[in-house]
Amino acid sequence: MDSAQLDQFIHGKRITFNDSKSSAREFARHLDASDPLASFRKEFLIPSKADLRDPHPETKPVGQCNDPSDPCIYFCGNSLGLQPKNTQALIAEELRIWATRGVQGHFSHPLSRPWVSAEEEVNRHMANVVGALPQEVSTMGTLTANIHTLLASFYRPDITKQGRYKIIIEGKAFPSDHYAVESQIEWHGLSPKDALVTIFPEGSRNILTTDQICRVIDENASTAAVLWLSGVQYYTGQVFDLKAITRHAQNKGILVGWDLAHAVGNILLELHEWGVDFAAWCTYKYLSSGPGGIAGIFVHEKHASPERHRLAGWWGHDKASRFTMDTVFRPMPGAAGYQLSNPSILDLTALLSSLSLYSNATMAAIRTKSIRMTGYLDYLLHSQFQSYDPKPFEVITPQNPAARGAQLSLLFREGLMMQAFDGLQERGVIVDERKPDVIRVAPLPLYNTFEEVWDFVQALKEVIDATPNGR
């Protein structure tokens, strides 16, 4: 196999899996040698296999591994990204300023990052990641809290049921989205049985097609107030056509919001150009901001009017008069006017550490490598398991590179998934499972390698071959 054949496979061309060299580690090393993003790997702390077995890792200095020559294979950045090496140093700087300046750090900051405006630099980086104007982005809160904040402004149902009152979502959306949307419906005195429209895959399919989504939009065109979908489906890894779906729903008079938890830092986004009304996301997955890290929102500039109703808090108040303690709320224009409380400086700093790497790498380069790396993983899974009968698993993520991100979801035969998952863990391979039968595998462009993809597939083969019901 050569690079041209890999590209043919990625883009749907039929190729024959009969080259004895096609699965060789040397080809993976060749891909790594020509990788323009290879240098970013050294900017992250990668646990070693010994670290994973250490019962007391908290006793070691951050960044010190038990055996750095034998790192684990970490394909779980779709759940929690690895820590950038610079995070500890940046946070330590803020802790020192807190210790030596106290409250003065809000306005007098020796590193030119005054706490009172610390989110502004982060917002500029974030705007590049999501394809937005800086004023359309606000780094704030947590994902589900931000969903509530946005829906409180954009979901204004006609409770007489003579107009628009429904919300359209995926039937298999992440549970928290269901909780938030249903509670918003109930908050307005409506019942989810009447006001919630759910879209499930048809027949035996695992994915939703754009045509199906648009058909449901058409069926509810006169009664739907909001369409709320995920940019990348958490379970299958499917990427939705945000541009086409947004345009179709808006042409029917429906406001469009997106949960981008699995899309931000993963796929190319152009939220401003696509005219998306609003969106929310977390940053601890692909953006490596740390467990429970601060989240973000997008509000298109067409909705920037301060007259738009929203939940109000003092950090969203006009910045020039925020500290005059005026009790009349005057929101800042744009997404900043949706802020409620002052953000955690430590959370912002952790995110700044990661976003600086994304800015240096650029999302275009990250996405280019992601398509090749995921395509290589898909190729190996097809070629290495083609002789197994029955197949131990099915890749349920679309093969079209435009319809998937960095994640491939493997749907295992009944009873096999946890055996495979446990066997991978024992070999120092970190992925995640979604019961009852799916393992999600996500090699990330900034710190994973093509050789690790090769090693992962060999480890998976070992595990399945060693499992009584694997072959």
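Reader: Does Gln184 count as buried or exposed, and at what relative accessibility?

Author: The model is predicted. The general idea is to compare the relative accessible area of a residue with a cut-off, and buried means under 20%. Gln184 has a relative accessibility of 8% and therefore counts as buried.

Reader: Where does Gln184 lie, and with which residues is Gln184 in contact, leaving aside its neighbours within four places in sequence?

Author: Gln184 belongs to helix 7, which covers residues 175-187. Once the neighbours within four places in sequence are set aside, Gln184 is in contact with His148, Leu151, Ala152 and Tyr155.

Reader: I should like to turn to the domains. Which domains does the assignment give, and how far apart do their C-alpha centres lie?

Author: Domain bounds come from an automatic or database assignment. In this chain, domain 1 consists of 3-71 together with 362-466, while domain 2 spans 100-360. Their C-alpha centres are 30 Å apart. Domain 1 brings 26 residues to the contact and domain 2 brings 20 residues.

Reader: What area is buried between domain 1 and domain 2, and how many residue pairs are in polar contact there?

Author: An interface may be read first by its area and then by its pairs. About 2,100 Å² is buried between domain 1 and domain 2, and carbon and sulfur atoms give 63% of that area. The rule finds 0 salt bridges across this interface, whereas 9 residue pairs are in polar contact, both residues at pLDDT 80 or more.

Reader: Which elements each supply at least two residues of the side of domain 1 that touches domain 2?

Author: They are helix 13 (363-384) and strand 13 (438-441). Helix 13 gives the most to this side of domain 1, namely 5 residues. By class, the residues of domain 1 that touch domain 2 comprise 14 nonpolar, 6 polar and 6 charged.

Reader: How many salt bridges does a search of the whole structure find?

Author: For a salt bridge, the reader looks for a side-chain nitrogen of Lys or Arg within 4 Å of a carboxyl oxygen of Asp or Glu. The search of the whole structure finds 18. One of the pairs is Glu94 with Arg113, whose closest N and O atoms are 3.0 Å apart. This pair links distant parts of the chain, 19 residues apart: Glu94 is in helix 4 (residues 86-101), and Arg113 is in the loop between helix 4 and helix 5 (118-130). Glu94 and Arg113 are both buried.

Reader: How should the pair Asp277 and Lys302 be read, and what is its N to O distance?

Author: It is useful to read the distance first, then the position and accessibility of each partner. The side chains of Asp277 and Lys302 meet in a salt bridge at 3.5 Å, N to O. The partners are 25 residues apart, with Asp277 in the loop between helix 11 (271-274) and strand 7 (278-281), and Lys302 in the loop between strand 8 (296-299) and helix 12 (345-361). Asp277 has a relative accessible area of 3% and so is buried. Lys302, at 45%, is partly exposed.

Reader: With which residue does Asp326 form a salt bridge, and which residues are linked in a network of salt bridges?

Author: The partner of Asp326 is Arg330, with 2.9 Å between the closest N and O atoms. Asp326 counts as partly exposed because its relative accessibility is 34%, and Arg330 likewise counts as partly exposed, at 35%. The network joins Arg25, Arg29, Glu451 and Asp455 through salt bridges.

Conventions. Residues numbered from 1 in each chain as written. Predicted model: local features only at pLDDT ≥ 70, side-chain atom pairs only at ≥ 80, totals over all residues. Heavy atoms only, no water. Contact = heavy atoms within 4.5 Å. Buried area = accessible area lost by both parts, 1.4 Å probe. Polar contact = N/O pair within 3.5 Å; in protein donor to acceptor, adjacent residues only side chain to side chain. Helix = DSSP H or I, 4+ residues; strand = E, 2+ residues; numbered from the N terminus. Nonpolar A, V, L, I, M, F, W, Y, C, P; charged D, E, K, R; others polar. Buried < 20%, exposed > 50% of the residue type's maximum accessible area, 1.4 Å probe, protein only.
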